[in-house]
Structure formats: C-alpha cells, structure tokens
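Colleague: Could you take a close look at one part of this model, the aromatic side chains and the surroundings in which they sit? I would like one connected account rather than a list.

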Amino acid sequence: MGTALARAWLAAGHPLTVWNRTPGRAAPLAAEGAVAAATAAGAVAAGGGPVVLCLLDDASVGTAVDGVDLTGRDLVNLTTTTPAQARARAAWAAERGARYLDGGIMAVPPMVGVPQAGGYVFHSGSRELFEEHRETLAVPLGTVYVGEDAGFAALHDVALLSAMYGMFAGVAHAFALIRREDVDPVAFAPLLGEWIGAMAGPAAAETGRRLASGDHTTDVVSRLAMQVAGTPTFLDTAAGQGVSPELLRPYFALMRRRLDTGGGEEGLTGLVDLLLG
C-alpha cells in the first residue's frame with residue numbers, strides 16, 4: 001500500500017522522499033524519481049511536506065520513528081490501528097511537538113491513483129492539518145474527514161471492514177451450500193452479488209435511522225418473530241447440504257435473545273444494542 005501511495009504522488013509530480021524498513025524495497029521508487037533515505041530520521045528530516053506513515057501496525061510505527069526528531073513536523077499516519085492506539089499515537093506526537101492526523105484506508109493497492117475505483121481514506125485529528133494538506137492527501141485516494149477525535153478514522157475503518165468480513169462470511173456460506181450440487185458457481189456469483197447489494201444499502205440506511213430515533217417497530221416489513229421462526233429452515237438446509245452452520249448460528253442466537261426480551265415486533269435493528277452488553 002505504501003508503494004502504491006508513493007507512486008500516485010510521484011505520478012502527480014510531488015517531490016517525494018521514501019524510506020522502507022526492508023533495505024532495497026525503496027529502490028523501485030527511487031528509479032521512478034523518489035529520493036530514497038537511508039534512515040527513517042533522514043526521511044522525516046527531508047522537505048517540508050507532511051510525513052506519511054504506512055506500516056504494518058502501531059508497534060511498527062513506534063519502532064520506525066523511535067528517537068526521531070518530530071518537532072514541527074506534520075504526521076499523517078495511514079497505518080491500520082485501533083481507535084485507542086490512534087488516540088495514544090496522537091498524544092505521543094503532541095508530546096514530541098508534532099501535529100497529527102490519523103487515517104483509515106478504504107481501498108486495496110490497485111485502487112490507489114484510480115479515482116473511478118472509488119477508494120478513499122478516512123481522516124481524523126487536527127482539522128487544521130487536514131485542511132492544510134487536503135489537496136496533497138487527495139491525490140492517491142479520496143478523503144473523508146470524520147472529526148477532531150484522532151480515533152475516529154480507525155473506528156470508521158474497522159467498522160466498515162467488520163461489516164465486510166460479515167459479508168464475506170455470508171458469501172462463503174452461500175457458496176458452501178451449492179458446492180456439492182450441479183450448480184455453476186460462476187453463474188451463481190452475480191445472483192449473489194446483486195442480492196447482497198440490494199439488501200445491504202437499504203438495511204444500513206434503515207439501521208441508522210432507527211438507531212437515531214429509537215423506534216424499532218414502526219413500519220417494519222419483516223418482524224423479528226417471523227424471521228426467528230424461519231431460522232430452522234436455514235440450519236436444516238445447511239445440515240442437509242453437509243455445511244457447517246458456524247457462520248450463521250451466532251447471529252441467529254442474537255436474534256433469539258432479542259425475541260426473548262420482547263422484540264418480536266421489531267425488525268433486526270434492535271440487535272445492535274445487544275452487542276453492547
């Protein structure tokens with residue numbers, strides 16, 4: 001990801017100094033016009049633009065810039081971390097005289113530098129810093145500022161990615177159901193993709209509205225009681241196809257818990273608060 005970001009800035013004509021924890025990995029970027037620094041300190045000291053960090057995890061960030069003079073520098077951390085780590089890193093940067101902006105990348109490397117691909121980065125932390133470098137930050141990917149709280153970018157990032165993995169779980173279960181049958185998975189794939197798309201957008205919008213209003217029952221289309229009554233069909237089908245129900249059972253158990261506490265007239269939006277304990 002760091003290489004993809006660097007290439008996008010180079011292609012746009014931005015002067016760039018790069019450093020990689022693995023010696024030699026910055027060489028291709030140097031061949032494309034970047035200046036390869038021998039050390040992280042050298043990269044941080046070069047130029048007057050923002051210092052962009054894109055590493056494996058928060059521990060890698062700490063190790064990479066340990067002891068580096070950050071006074072007066074603008075740090076933009078695009079490393080995937082937790083909200084708590086991002087807040088701690090913002091405080092860490094402030095103690096060292098640096099401004100800090102956290103980022104959560106909603107893209108994979110092939111989407112970088114390709115506006116029509118729809119990738120973007122959540123940013124949180126110093127609004128002043130964000131506005132000052134907005135145009136530069138928007139070169140490789142779109143930008144979405146989500147607040148002064150440095151942890152909000154990571155929070156948005158992980159929330160969306162968590163939903164993604166839930167979707168992947170459903171996709172895996174669906175393909176497992178047809179796996180041993182004379183059903184063409186290639187022909188099945190667009191049916192599945194279109195169905196998920198048709199359901200996901202409206203469901204997300206409805207959940208947001210109902211959580212904001214606290215009303216989980218008005219104009220509900222599919223009552224929770226009805227949906228819980230239908231869950232044996234899914235479990236029996238899985239059993240009949242020789243498919244483990246392990247991806248479905250936790251969600252079905254949550255549905256049953258909500259029903260047992262009087263949520264039968266609701267849809268599924270009331271399940272959210274059960275996850276809060």
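Modeller: Phe168 is partly exposed, with a relative accessible area of 41%, a value that falls between the 20% below which a residue counts as buried and the 50% above which a residue counts as exposed. The model is a predicted one, and in it Phe168 belongs to helix α7, which spans residues 152-178. Tyr165 lies in that helix too, 3 residues from Phe168, or about one turn of the helix. Tyr165, for its part, is classed as exposed because its relative accessible area is 55%, and the cut-off for that class is over 50%.

These two side chains take part in a nonpolar patch on the surface, which Tyr165 and Phe168 form with Met167, and the accessible area of the three together is about 320 Å².

As for the rings themselves, a pair of aromatic rings is described by the distance of the centres and the angle of the planes. Searching the whole structure gives 5 aromatic pairs. One of them joins Tyr165 and Phe168 in an edge-to-face arrangement, with 5.9 Å from centre to centre and 85° between the planes; the label follows because an angle over 60 degrees counts as edge-to-face.

With Tyr165 exposed at 55% relative accessible area, one can turn to another aromatic pair, formed by Phe234 and Phe252, which is tilted, at 6.0 Å centre to centre and 50° between the planes. This pair links distant parts of the chain, since Phe234 is in helix α9 (residues 224-240) and Phe252 is in helix α10 (residues 249-260), 18 residues apart. The two partners also fall into separate accessibility classes: Phe234 counts as partly exposed at 47% relative accessibility, whereas Phe252, with a relative accessible area of 15%, is buried, the limit for that class being under 20%.

A further aromatic ring meets a charge: the charged end of Arg89 sits over the ring of Trp92, at 4.6 Å from the ring centre.

For the setting inside the protein, it helps to recall that in soluble globular proteins, nonpolar side chains tend to be buried together. Here the largest nonpolar core has 16 residues, and those that touch the most other members are Leu5, Leu78, Leu101, Ile105, Val112 and Leu141. At least two residues of this core come from each of α1 (2-11), β5 (99-106) and α6 (127-137), and α1 gives the most, with 4 residues.

Methods: Residues numbered from 1 in each chain as written. Predicted model: local features only at pLDDT ≥ 70, side-chain atom pairs only at ≥ 80, totals over all residues. Heavy atoms only, no water. Patch = residues over 30% accessible without salt bridge, like charges linked within 9 Å, V, L, I, M, F, W, Y side chains within 5 Å. Areas by Shrake-Rupley, 256 points an atom, 1.4 Å probe, with all protein chains shown as cover. Salt bridge = Lys/Arg side-chain N within 4 Å of Asp/Glu carboxyl O. Phe/Tyr/Trp six-rings, centres within 6.5 Å; stacked < 30°, edge-to-face > 60°. Buried < 20%, exposed > 50% of the residue type's maximum accessible area, 1.4 Å probe, protein only. Lys NZ or Arg CZ within 6 Å of the ring centre and 35° of its normal. Core = buried A, V, L, I, M, F, W, Y, C linked by side-chain atoms within 4.5 Å.
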